Amino acid sequence: MTVPARLVASYLTTLYLMPLEVDADSVSEGPVEFLGKRSNASKAPISAIHFHASTSWIILGDQLGNVAYYPVVAWNLKFECVMSHTGAHSSKLTLIVSHPSICGFLSCGLLGDKLQVWSCNFRDKIESFDQLGVVKAITVNEKAATVVTLGTGLDYLTMRQVYCFFAPLTSKARSLMSTSCPMYPTRVIAASEDNSVRMFSSCGKQLNLQILPEDDLHVVAAVLSGDRKQLFTIILKTGEILVSDASVCPMKFRKVFVNDASKVTCITVYEHFDEIRDSDGHPKKPRIFYPISILVIAGTEEGNLIVLNPDTGKPEYVSPAHTASVVQLKSSVYSKRVISLGSERCVKVWRIFADLAKPLALYYVLHFVVPITHVSFMGKILCMANSSENSQVHQVLMEDTADRIRLEHHSSKDHTATIMDMITSETLGLCATSSRDNTVRIWDEENCLIKILVINTCALHITFSSVIGDIVFSAGRHLYKIPHENYLPPKYRAKVVANDLLEEKDEDTILEDSEYKLYDDIVDRNSMLRPVSSIPLASIDIRNADNPRVDLLIQKQICALYQERDEDIKRIKDRLIAPTKIVEDRALMTKETWDKYVNDLLSSMTRPPAEKPDYDFQNIQESKLAEVKTYNERGVFQMLFGYSVDEIDDTENLAELIRDSKLPLNGFLPNSILYKTKELVEPLTESVESLVKEPVKYRYPAKFYMDEDEEPTEARESIRLSQLMAVDDLKNEKEEE
């Protein structure tokens, strides 16, 4: 069905809707009748108007004279006001354009105070761009998701959306987790407020569902065992653990674990397995696993950790871990550890020995005076979140449990609001935190902030949905996904390739068992199995759903360049253009020459960037402080007079010449000229001093010495020539007498 073309126009505060296509039979000499008219569509004369095709909204911007605020008003084609906002700009609104990647639009004022971004789904502003100057024109490239503004300069803004839609839910998520065992594909488990628990693949397909009545029970959390294909669900009101069969859809209830001693507050499942390795200890490819057993570990209100039998639910081992209730439990199959968080602000790390009767051994203990709300593991690094509603500090803490040192960062990198969740990826060595400041922050193993993802909404729960780093978060009633290519730095993308971390393939949904009809009289089964998704938040515009991504456009551009190169080679062979480098014909090349030629081409395409040296600023500062500075008279003299000190004879008055100069030395000369590093002369060592010889005295023949007996050479003293001449004179005087 084609929609007739229409024209939207305005005059002062009145909005008009006119047809552009008129039937031949209805042509008349009179004026065209309006399809619609809305008086007082704005409080002041309309200064900007835009039609948003995706939502069929007519967006207006007006001017209010001397009043310092200007509203943005949106009407649909029925002239019903769907959005109104005041205080968007500090001057008359002049430009309105559609957003290139989300269901929204951009607006700009006359004086260029800011470029405001609006979401049609939020029906509110979501972000703004300042310091663009007076924007005179805006152009949008929808395929590349970019905006170019012409103001004091030409600004290029990339507005590609960070996240996309992952999967729908029937109610707001209460908990979100994912499996991390390398034996089985990654599963995302979401427990909703309506007590439904859904299992998704890493691609977002709903694989299975557990249905529970909404009023009678209260699901706290759920964990999945890939070995047993069982889902363990904690019911808060009763403190029981419900075990369901995850191989049937919807999941069938098999048993209930009841702990008479204390109520269960949290639970985790540790998959114990062995891997086939070669003689060097490296895993074989493809990787081969051998599942051994599973450990179901639960935390109680009394602060105990209980290892339950997965078949009967009876406690096999009880460890008094905390003095208060256990708040969180997380296990790691890579480091073979379990971490527990108690409400008394104590964090404990336990080593797992799955083959022993006492499988838990205390390894590390930390006590805090500040509230710790979330804990997680990243290899040997213990990650913790210090945050609360009443606290002004919302920071990420990391502890190296191997070297027993604290890893810190500057306080300016911390969240500005309450931290809602924390997750880690041990395959990539990354930690992610979500907060009420509408950001998801990515941290490395040294507690350094490497990325801030602004998602324009609060991510209540987050989890890694794949080994390559895709992040799934819950906001509102649905789940959303941040693909790894949207935030991973090149270093971690290279790690994905080096470790052969492949993207998991989509799987088939488990067939529905129509005969299993538990709670069908209470719960709408059809809506549970097939939830309906509304337009999610500031999601991708439906008009741009088929547009290629920016990385695909870059790949196409690279292919076009190689295509031009191939065409040039063909022209060279046809002798249409002269070659710049002669290449042998393929038929004349040997196999070694051809392989070398192909490898050179491939290496030129995938040449890694040059490595940059690591700058050790702390050692540089220490070395600078250790240097001894002295006044650089020679350098200052040459700076003042233009020639070297070596060209003059008298250098005694060099300091006076510099002082008598009219140039302000303290005003413009850098320290590199005024001062130089003093060369320190180290004292001679004993070995060097021992090599210095004493001066040797000359020894004359014995006949020059008078009336002296022969003595050893060492005992005689040396005599000067003047003394001998004085002796001769004395002899001559005696002879004359």
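**Note on the predicted model**

1. Start with the hairpin. Five residues link strand S8 to strand S9 in this turn. The model is predicted, not experimental. S8 covers residues 93-98 and S9 covers residues 104-109. The two strands run antiparallel and pair over five bridges. Within the pair, Ile 96 of S8 sits opposite Ser 107 of S9.

2. Next, the repeat. The UniProt record, an unreviewed entry, lists residues 412-444 as "repeat: WD". In the model, that span is 55% strand and 0% helix. Its end C-alpha atoms are 16 Å apart.

3. Is Leu 502 buried or exposed? Leu 502 is exposed, because its relative accessibility is 67% and the cut-off for exposed is over 50%. Leu 502 belongs to the loop between helix H1 (490-498) and helix H2 (525-529).

4. Leu 502 still has partners from elsewhere in the chain. Leaving out residues up to four places away in sequence, Leu 502 touches Val 467 and Ile 468. Val 467 is 35 residues from Leu 502 along the chain, yet their C-alpha atoms are 7.8 Å apart.

5. Now the cysteines. A search of the whole structure finds zero disulfides. Why is Cys 383 not bonded to Cys 431? The closest cysteine sulfur to that of Cys 383 is in Cys 431, at 4.3 Å, which is too far for a bond. The cut-off is 2.5 Å between sulfur atoms.

6. Burial of cysteines. Cys 383 counts as buried because its relative accessibility is 0%. Cys 249 is also buried, at 6%. The cut-off for buried is under 20%.

Conventions:
Residues are numbered from 1 along each chain as its sequence is written. This is a predicted model: local features need pLDDT of at least 70, side-chain atom pairs count only at pLDDT 80 or more; totals for chains, interfaces and linings use all residues. Side-chain values use heavy atoms; hydrogens and water are left out. UniProt positions are given in the numbering used here, feature names are shortened, and annotations may be inferred rather than shown by experiment. Helices (H or I, at least four residues) and strands (E, at least two) are DSSP runs, numbered from the N terminus. Two strands pair if DSSP finds at least two bridges between them. Buried means under 20% relative accessible area, exposed over 50%, partly exposed in between (1.4 Å probe, protein chains only). Contact means heavy atoms within 4.5 Å.
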